Amino acid sequence: MKEACKKDFERISEYLDGELDDDICREIENHLRHCPECRKCVDSLRKSIELSKKAAEEEITPDMREHLRAALRDCFPSEQS
Ligand SMILES: [Zn+2]
């Protein structure tokens, strides 16, 4: 995982929830523009969020958020320097 990815890793799930401030969103979007790996990951996560929301017809639950984080971790295979 790249350093910049690590830095944004925890924030990406919040970003997907739409919970972050605009300036932080912009930072992450900027990262995504330059990082195909993260972009691919976020794209697929966003799709599963949309599906989950449709299924649940409500906001993202803490359970769902945990699931999201797990999915994010899968996108970034553990520590490899
Ligand atoms: Zn990245």
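## Helices α1 and α4

Helices α1 and α4 are oblique to each other. The model in which they appear is predicted. The angle behind this description is about 135°, and the axes of the two helices lie 10 Å apart. Because angles of 65 to 115 degrees count as roughly perpendicular and those over 145 as roughly antiparallel, the packing of α1 against α4 is classed as oblique. In sequence terms, α1 covers residues 3-17 and α4 covers residues 62-75.

The crossing of this pair is right-handed. On the α1 side, the contact is made by F9, I12, S13 and L16, while α4 contributes R65, L68, R69 and L72. By residue class, this contact of α1 with α4 comprises 5 nonpolar, 1 polar and 2 charged residues.

## Helices α1 and α2

Helix α1 also crosses α2, which spans residues 22-34; their axes come within 10 Å and cross at roughly 125°. That angle makes α1 oblique to α2. The crossing of α1 with α2 is left-handed, whereas that of α1 with α4 is right-handed.

In this second contact, A4, D8, R11, I12 and Y15 of α1 meet I24, C25, I28 and H31 of α2. The residues concerned divide into 6 nonpolar, 1 polar and 2 charged. I12 of α1 appears in the contact with α2 and also in the contact with α4.

## Helix α2

Helix α2 consists of 13 residues and extends 19 Å from its first C-alpha to its last. This is close to the 18 Å expected at 1.5 Å a residue. The number of buried residues among the 13 is 1, so α2 lies largely in the open.

## Overall architecture

The protein chain contains 4 helices and 0 strands. Along the sequence, these elements follow the pattern α-α-α-α. The chain has 81 residues, of which 14% count as buried.

Contacts between residues at least 6 apart in sequence can be divided further by separation: 59% of them join residues at least 24 apart.

## Residues R69 and K53

R69 belongs to helix α4 and is one of the residues through which α4 contacts α1. It has 14 C-beta neighbours inside 10 Å and therefore counts as partly exposed; the buried class would require 20 or more such neighbours, and the exposed class 12 or fewer. The C-alpha atom of R69 is separated by 9.7 Å from that of L45, a residue 24 positions away along the chain.

K53 is located in helix α3, which runs over residues 36-56. With 13 C-beta neighbours inside 10 Å, K53 is likewise assigned to the partly exposed class. Its C-alpha atom and that of M64, 11 residues apart along the chain, are separated by 9.6 Å.

Conventions. Residues are numbered from 1 along each chain as its sequence is written. This is a predicted model: local features need pLDDT of at least 70, side-chain atom pairs count only at pLDDT 80 or more; totals for chains, interfaces and linings use all residues. Axes are lines fitted to C-alpha atoms, for helices over the stretch in contact, and angles run from 0 to 180 degrees between N-to-C directions. Angles under 35 degrees count as roughly parallel, over 145 as roughly antiparallel, 65 to 115 as roughly perpendicular and the rest as oblique. A crossing is left-handed if the near helix is turned anticlockwise from the far one by less than a right angle, and right-handed if clockwise. Two residues are in contact if their C-beta atoms, placed from the backbone, lie within 7 Å. Ala, Val, Leu, Ile, Met, Phe, Trp, Tyr, Cys and Pro count as nonpolar, Asp, Glu, Lys and Arg as charged, and the others, Gly among them, as polar. The expected span of a helix is 1.5 Å times one less than its number of residues.
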